[in-house]
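The following note sets out several points on the structure for a colleague's consideration. The points run from overall architecture to individual residues.

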Amino acid sequence: MNGNCPLCGAPMESDTCSYCGYTKEKEEPTLTQSVGVNVSPTPVVQNVVINQTYRTCSDKDRWIALLLCVFLGGFGAHRFYVGDIKMGLLYLFTCGIFGLGWLYDFVKILLGSFRDKYGFKLQ
């Protein structure tokens, strides 16, 4: 079968799409297919990602994280900002891990090595 996958539009060289895994099933011709009506099977596919984009850095701003760290770092506001909820709660209940965690994060943000919850560096 030469054509495009009905789900993702990727070119298909065989009955299985190498991009999303869609498999074309062999089906018996029906009356509507024999009279020329275009009938396509309705596939059941789970966890298909279409138009996947790849990021190299976080969508969070480094300078906003720095300001949050300076003014509200003891409460973990910079950790909540980057999506690290568990560490944000730890900072909230321990006053920035007794000030040591706050100071460590402040230096990491200044040096540009602070990361968000997905591991991407801040912009």
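1. Along the sequence, the elements of this predicted model follow the order β-β-α-α-α-α-α. The secondary structure thus comprises two strands and five helices.

2. Of the 123 residues in the protein, 22% are buried. The protein exposes about 8,900 Å², and carbon and sulfur atoms supply 60% of that area. Among contacts with a separation of 6 or more, 39% are between residues 24 or more positions apart.

3. The largest nonpolar core consists of seven residues: Ala65, Leu66, Cys69, Val82, Ile109, Phe114 and Leu122. Helix H2 gives the most to this core, with three residues. Another core, of six residues, lies apart from it and includes Cys5, Ala10, Cys20 and Tyr22.

4. Leu122 merits a separate remark. With neighbours within four places in sequence left aside, Leu122 is in contact with the core members Ala65, Val82 and Phe114. The contacts of Leu122 also include Ser58, Lys60, Asp61, Arg62 and Asp116.

5. Is His78, in helix H3, buried or exposed? His78 has a relative accessible area of 0%; since buried means under 20%, this residue is classed as buried. Beyond four places in sequence, the contacts of His78 are Ala65, Leu68, Cys69, Gly73, Tyr91, Asp105, Ile109 and Phe114. Among these, Ala65, Cys69, Ile109 and Phe114 belong to the largest nonpolar core.

6. On the surface, a nonpolar patch is formed by Leu67, Val70, Phe71, Leu72, Phe75, Phe80, Ile85, Leu89, Leu92 and Phe93, which together have about 990 Å² of accessible area. Helices H2 (62-72) and H4 (85-98) each supply at least two residues of the patch. Helix H2 therefore contributes both to this patch and to the largest nonpolar core.

7. Within the patch, Phe75 is placed in the loop between H2 and helix H3 (77-81). The relative accessible area of Phe75 is 52%, and the threshold for exposed is over 50%, so Phe75 counts as exposed.

8. Thr23 is located in the loop that joins strand E2 (11-12) and helix H1 (31-34). Its relative accessible area of 42% falls between the limits of 20% and 50%, and Thr23 is therefore partly exposed. Not counting residues up to four places away in sequence, Thr23 touches Asp15 and Thr16. The C-alpha atoms of Thr23 and Cys5 are separated by 9.0 Å, the two residues being 18 residues apart along the chain. Cys5 is itself one of the members of the six-residue core.

Technical notes
Residues are numbered from 1 along each chain as its sequence is written. This is a predicted model: local features need pLDDT of at least 70, side-chain atom pairs count only at pLDDT 80 or more; totals for chains, interfaces and linings use all residues. Side-chain values use heavy atoms; hydrogens and water are left out. Patches are made of residues with over 30% relative accessible area and no salt bridge: like charges are joined within 9 Å, nonpolar side chains (Val, Leu, Ile, Met, Phe, Trp, Tyr) within 5 Å. Accessible areas come from the Shrake-Rupley method with a 1.4 Å probe; for residues, only the protein chains shown count as cover. A salt bridge is a side-chain nitrogen of Lys or Arg within 4 Å of a carboxyl oxygen of Asp or Glu. Helices (H or I, at least four residues) and strands (E, at least two) are DSSP runs, numbered from the N terminus. Buried means under 20% relative accessible area, exposed over 50%, partly exposed in between (1.4 Å probe, protein chains only). Contact means heavy atoms within 4.5 Å. A nonpolar core is a set of buried Ala, Val, Leu, Ile, Met, Phe, Trp, Tyr and Cys residues joined through side-chain atoms within 4.5 Å.
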